[in-house]
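Thanks for asking me to look through this one with you. Here are my notes, in the order I would go through them at the screen.

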Amino acid sequence: MGQIHILKGDITTAQVDAIVNAANSRMLGGGGVDGAIHRAAGPKLLAECKNVPSVNGQRCPTGEARITSAGNLSASYVIHTVGPIYNIDKAPREHLINAYENSFKLALSHACQSIAFPAISCGVYMYPHHEAAEIALNVALEYVNHFDIYFYLFDEPLFNIFKQTYRQLTTI
Ligand code: ADP
């Protein structure tokens with residue numbers, strides 16, 4: 001039985017088996033947490049991403065996940081998942097749930113015991129933060145038997161939303 005930990009800080013410092021990246025479908029790096037993970041991991045991560053098969057330039061469709069090794073990060077794996085772009089996605093809630101679930105499934109099939117997530121879609125993809133936290137934590141509660149789960153929130157408001165939502169979901 002693992003635990004859910006809600007932390008404020010930089011996910012690239014996480015000491016876990018798998019770090020989840022809020023990537024884009026091309027999986028060639030980007031801004032936000034994606035850029036931070038690629039900078040910290042070094043060029044080996046980009047080289048591994050390029051080896052992931054692509055269809056019309058898309059390596060990972062929205063809601064799916066792909067796994068690579070983690071370059072210079074202390075983690076064993078980076079799991080790349082693509083959250084919905086809130087304003088243009090036809091099924092943003094379903095796709096955000098899928099992004100978390102498919103990340104957990106890949107971690108499970110690679111025998112990971114600890115996993116760190118950023119707030120997927122909460123940056124430039126503009127998912128409303130309260131609903132995103134509720135989705136992230138509800139899926140995490142389904143998998144907490146299998147992992148120690150760490151959420152790294154980069155700023156104080158989002159950190160507070162995750163803490164408050166977790167209290168609401170776990171208080172009877
Ligand atoms: P998305 O495109 O899925 O919205 P972003 O990278 O724009 O992804 O943002 C996702 C969340 O990650 C945002 O809340 C952003 O503040 C946060 N973030 C950015 N850098 C880091 C980091 N180094 N560690 C953890 N979270 C980060």
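The numbered points below go through a predicted model, from the ligand to the cores and then to a few single residues.

1. Let's begin at the ligand. Sixteen residues would be a lot to list, so here are those that come nearest among the 16 around the ligand: Asp-10, Ile-11, Val-33, Ser-121 and Gly-123. Asp-10 uses its side chain, with an N or O atom 2.9 Å from a nitrogen atom of the ligand. Gly-123 and Tyr-125 take part through the backbone instead: an N or O atom of Gly-123 lies 2.8 Å from a ligand oxygen atom, and one of Tyr-125 lies 3.1 Å from an oxygen atom of the ligand.

2. Stay with the loop between β5 and α4 for a moment, where Ser-121 has its place. Met-126 lies in the loop between β5 and α4 as well. Most residues other than glycine have a negative phi. Ser-121, however, has a positive phi, near 70°, and the phi of Met-126 is positive too, near 60°. Are these two buried or exposed? Ser-121 is buried, because its relative accessible area is 5% and the cut-off is under 20%. Met-126 has a relative accessible area of 52%, so it falls over the 50% cut-off and is exposed.

3. Next, please look at helix α5, residues 156-170. Its 15 residues reach 21 Å from the first C-alpha to the last, close to the 21 Å expected at 1.5 Å a residue. At the start of α5, Asp-155 places a side-chain oxygen within 3.0 Å of the backbone nitrogen of Leu-158.

4. Which residues of α5 are buried? They are Leu-158, Phe-159, Ile-161, Phe-162 and Thr-165. Seen down the axis of α5, these buried residues fall within an arc of 160°, so they line one face of the helix. Their cover includes β1 (4-8), α4 (129-143) and β6 (148-153). On the face turned away from the buried side you will find the exposed residues Pro-157, Arg-167 and Gln-168.

5. Phe-162 deserves its own point. Leaving out residues up to four places away in sequence, Phe-162 touches Ile-6, Ala-119, Ala-133, Ala-136, Leu-137, Phe-151 and Leu-153. In the largest nonpolar core, which has 36 residues, Phe-162 is one of those that touch the most other members, along with Tyr-100, Phe-104, Ile-115, Phe-117, Ile-149 and Phe-151. At least two residues of this core come from each of β1, β2 (18-22), α3 (92-109), β5 (114-117), α4, β6 and α5. Helix α4 gives the most, with 8 residues. A second, separate core has 18 residues, including Ile-11, Ala-14, Ile-37 and Cys-60.

6. Now for His-80, in strand β4 (residues 77-81). His-80 counts as buried because its relative accessibility is 1%, against a cut-off of under 20%. A polar contact of 3.0 Å joins its side chain to that of Thr-68. Apart from residues up to four places away in sequence, His-80 touches ten in the list, among them Asn-21, Met-27, Cys-49, Cys-60, Glu-64 and Arg-66. For a sense of scale, the C-alpha atoms of His-80 and Tyr-166 are 24 Å apart in space, with their positions 86 residues apart in sequence.

7. Asn-21, one of the residues that His-80 touches, is found in strand β2. With 0% relative accessibility, Asn-21 counts as buried. Its side chain makes a polar contact of 2.8 Å with the side chain of Asp-34. Beyond its neighbours within four places in sequence, Asn-21 is in contact with Val-33, Asp-34, Ile-37, His-38, Val-78, Ile-79, His-80 and Thr-81.

8. Last comes Ser-103, which sits in helix α3. Ser-103 counts as buried, at 0% relative accessibility. What does Ser-103 contact, leaving aside its neighbours within four places in sequence? The residues are Val-20, Ala-65, Ile-79, Thr-81, Ile-115 and Phe-117. Ala-40 is 63 residues from Ser-103 along the chain, and their C-alpha atoms are separated by 20 Å.

Key:
Residues are numbered from 1 along each chain as its sequence is written. This is a predicted model: local features need pLDDT of at least 70, side-chain atom pairs count only at pLDDT 80 or more; totals for chains, interfaces and linings use all residues. Side-chain values use heavy atoms; hydrogens and water are left out. Helices (H or I, at least four residues) and strands (E, at least two) are DSSP runs, numbered from the N terminus. Buried means under 20% relative accessible area, exposed over 50%, partly exposed in between (1.4 Å probe, protein chains only). Contact means heavy atoms within 4.5 Å. A polar contact is a pair of N or O atoms within 3.5 Å; within protein, one must be able to donate a hydrogen and the other to accept it, and residues adjacent in sequence count only if both atoms are side-chain atoms. The expected span of a helix is 1.5 Å times one less than its number of residues. The arc is that of the directions from the helix axis to the C-beta atoms. A nonpolar core is a set of buried Ala, Val, Leu, Ile, Met, Phe, Trp, Tyr and Cys residues joined through side-chain atoms within 4.5 Å. A residue is near a molecule or strand if one of its heavy atoms lies within 4 Å of it.
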